[in-house]
Amino acid sequence: MQAMEMLRDLAQRSSDKAVESLGQLQRQQQEAQTQLGQLQRYREEYQRKLHDSLTQGVSSSQWRDYQQFIGSLDKAIEQQQRRLGEHQTRVDSGRQHWQGERRKLNAYETLHARGERDAAYHQARQEQRHSDEMAAQLRRRQQDARHSQQS
């Protein structure tokens with residue numbers, strides 16, 4: 001029984017570590033999502049500035065600078081989208097790992113509970129046998145006492 005408790009405790013610790021790791025992975029994914037949103041908003045803002053400048057007139061060098069900067073923002077957005085995809089893959093993997101650890105823990109908990117029920121059942125049967133023996137001995141003594149009084 002102690003071995004089962006030890007295995008259950010180890011599985012609990014492993015499950016706890018897996019859920020902590022999953023939480024960290026989810027936070028990293030959220031940070032990547034936030035960074036992507038910031039880049040996209042910055043690009044939209046810069047695109048608006050370009051549009052506003054075009055209505056007022058810009059030189060060809062300013063136009064080129066705007067286009068280069070927007071191009072570099074587009075590349076940064078693409079990179080961030082790839083990072084976000086990688087984070088999603090890690091989160092999915094972390095979730096699968098945690099679910100596997102949770103299933104293992106549930107299995108040990110089930111086996112532990114079954115072992116405790118079996119032990120309690122055997123204990124109760126042993127106590128019942130002992131009680132039955134005591135009752136049988138008491139009846140025999142009472143019968144012996146009645147027989148000896150009648151003789």
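Start by selecting Glu101: at 9% relative accessibility, this residue counts as buried, because the cut-off for buried is under 20% relative accessible area. The model on screen is predicted.

Keep Glu101 selected and add Lys104. The two form a salt bridge, with the closest N and O atoms 3.6 Å apart. Both sit in helix α2, three residues apart, so about one helical turn separates them. Unlike buried Glu101, Lys104 counts as partly exposed, at 39% relative accessibility.

Now zoom out to the whole chain. Its secondary structure comes to two helices and zero strands. Helix α1 covers residues 2-56, and helix α2 covers residues 60-150. Along its principal axes the C-alpha trace spans about 135 × 25 × 15 Å. The radius of gyration is 37 Å, whereas a compact globule of 151 residues would have one near 15 Å. Of the 151 residues, 17% count as buried. The chain exposes about 11500 Å², and carbon and sulfur atoms supply 47% of that area.

Next, select His87, in helix α2. Is this residue buried or exposed? His87 counts as buried, at 14% relative accessibility. Leaving aside residues up to four places away in sequence, show what His87 touches: Gln28, Gln29 and Ala32. For the chain as a whole, take contacts between residues at least 6 apart in sequence: 83% of them join residues at least 24 apart.

Go on to the start of helix α1 and select Met6, which lies in that helix. Met6 counts as exposed, with 52% relative accessibility. Add Leu7 and Leu10 to the selection; together with Met6 they make a nonpolar surface patch of about 270 Å².

Stay in this stretch and select Arg8 and Asp9. They form a salt bridge, and the closest N and O atoms are 3.9 Å apart. Asp9 is partly exposed, with a relative accessible area of 36%; Arg8 is also partly exposed, at 22%.

For the last stop, select Glu45 and Lys49. Their side chains meet in a salt bridge of 3.7 Å, N to O. How many residues apart are Glu45 and Lys49 in helix α1? They are four residues apart, which means a separation of about one helical turn. Glu45 is partly exposed, with a relative accessible area of 36%, and Lys49 counts as partly exposed at 41%.

A search of the whole structure finds five salt bridges, including Glu101 with Lys104, Asp9 with Arg8 and Glu45 with Lys49.

How values were computed. Residues numbered from 1 in each chain as written. Predicted model: local features only at pLDDT ≥ 70, side-chain atom pairs only at ≥ 80, totals over all residues. Heavy atoms only, no water. Patch = residues over 30% accessible without salt bridge, like charges linked within 9 Å, V, L, I, M, F, W, Y side chains within 5 Å. Areas by Shrake-Rupley, 256 points an atom, 1.4 Å probe, with all protein chains shown as cover. Salt bridge = Lys/Arg side-chain N within 4 Å of Asp/Glu carboxyl O. Buried < 20%, exposed > 50% of the residue type's maximum accessible area, 1.4 Å probe, protein only. Contact = heavy atoms within 4.5 Å. Rg over C-alpha atoms; globule rule 2.2 N^0.38 Å.
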